[in-house]
Amino acid sequence: MAGRSSQRKGADGERELAALLREYGYPVERGGSLSFGEVPDLTGLPGIHIECKRAEQLRPYDWMAQAERDAVRFGDGLPAVFFRRSRSPWLVVMKLWDWMALYDRQKAAKTNERKG
């Protein structure tokens, strides 16, 4: 898939993922049509830089490298790649230490809830 159809598939994936994340209660919005990297793919998930991919060929290390560069550039949080193939569920890829930071933060919040 090349050119316009690839761009359309990417934009459709961004709209689909944004809608799903809004169902979870997060005010996620697309960065804009044809922004070509000038703004993040999606915004509104606090502390996470979302790199959204809709692809049949999986290239998670390439995608993570892009997510890391963009997370630094935009300063919007830990890099995470959200992706799916056709007729497959969404998956999320993060580096282990970033995931552990999120997990530890959540665990600490639950501990503080019980104490308070």
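Me: Why is Y103 called partly exposed?
Reply: Its relative accessibility is 44%, and partly exposed is the range between buried (under 20% relative accessible area) and exposed (over 50%), computed with a 1.4 Å probe on protein chains only. So 44% puts Y103 in the middle class. W99 gets this label too, because its relative accessible area is 42%. One note on where such values come from: this is a predicted model, in which local features need pLDDT of at least 70 and side-chain atom pairs count only at pLDDT 80 or more, while totals for chains, interfaces and linings use all residues. Residues are numbered from 1 along each chain as its sequence is written, and side-chain values use heavy atoms, with hydrogens and water left out.

Me: What makes W99 and Y103 an aromatic pair, and of which kind?
Reply: Rings of Phe, Tyr and Trp (its six-membered ring) pair if their centres lie within 6.5 Å; planes under 30 degrees apart count as stacked, over 60 as edge-to-face and the rest as tilted. The structure holds two aromatic pairs. For W99 and Y103 the centres are 5.2 Å apart and the planes meet at 15°, so this pair is stacked. Both residues sit in helix α3, four residues apart, about one turn of the helix. Helices (H or I, at least four residues) and strands (E, at least two) are DSSP runs, numbered from the N terminus.

Me: Why is the pair of W63 and F83 given its name?
Reply: Their ring centres are 5.4 Å apart and their planes stand at 55°, so the pair is tilted. W63 belongs to helix α2 and F83 to strand β4, 20 residues apart, and the pair links these distant parts of the chain. Both rings belong to buried residues.

Me: How do you know that E68 and K95 form a salt bridge?
Reply: The term asks for a side-chain nitrogen of Lys or Arg within 4 Å of a carboxyl oxygen of Asp or Glu. For E68 and K95 the N to O distance is 2.6 Å, and the test is met. E68 lies in helix α2 (residues 60–74) and K95 in the loop between β5 (91–93) and α3 (96–115), so the pair ties together parts that are 27 residues apart in sequence. In total, the structure holds seven salt bridges. Among them is D12 with R15, at 2.6 Å from N to O; being three residues apart in helix α1, these two are separated by about one helical turn.

Me: Why does D41 have no salt bridge?
Reply: The nearest side chain of opposite charge, K53, is 5.6 Å away, which means the 4 Å limit is missed. Lys and Arg count as positive and Asp and Glu as negative; His and the chain ends are not counted. D41 is buried and sits in the loop between β1 (29–30) and β2 (42–43). The side chain of D41 does reach the backbone nitrogen of C52, at 2.9 Å.

Me: How do you know that the length of helix α1 agrees with its residue count?
Reply: The expected span is 1.5 Å times one less than the number of residues. For the 20 residues of α1 (residues 4–23) that gives 28 Å, and the end C-alpha atoms are 29 Å apart, which agrees. Its buried residues include K9, E14 and L21. After the helix comes G25, with a positive phi near 100°.

How values were computed: Polar contact = N/O pair within 3.5 Å; in protein donor to acceptor, adjacent residues only side chain to side chain.
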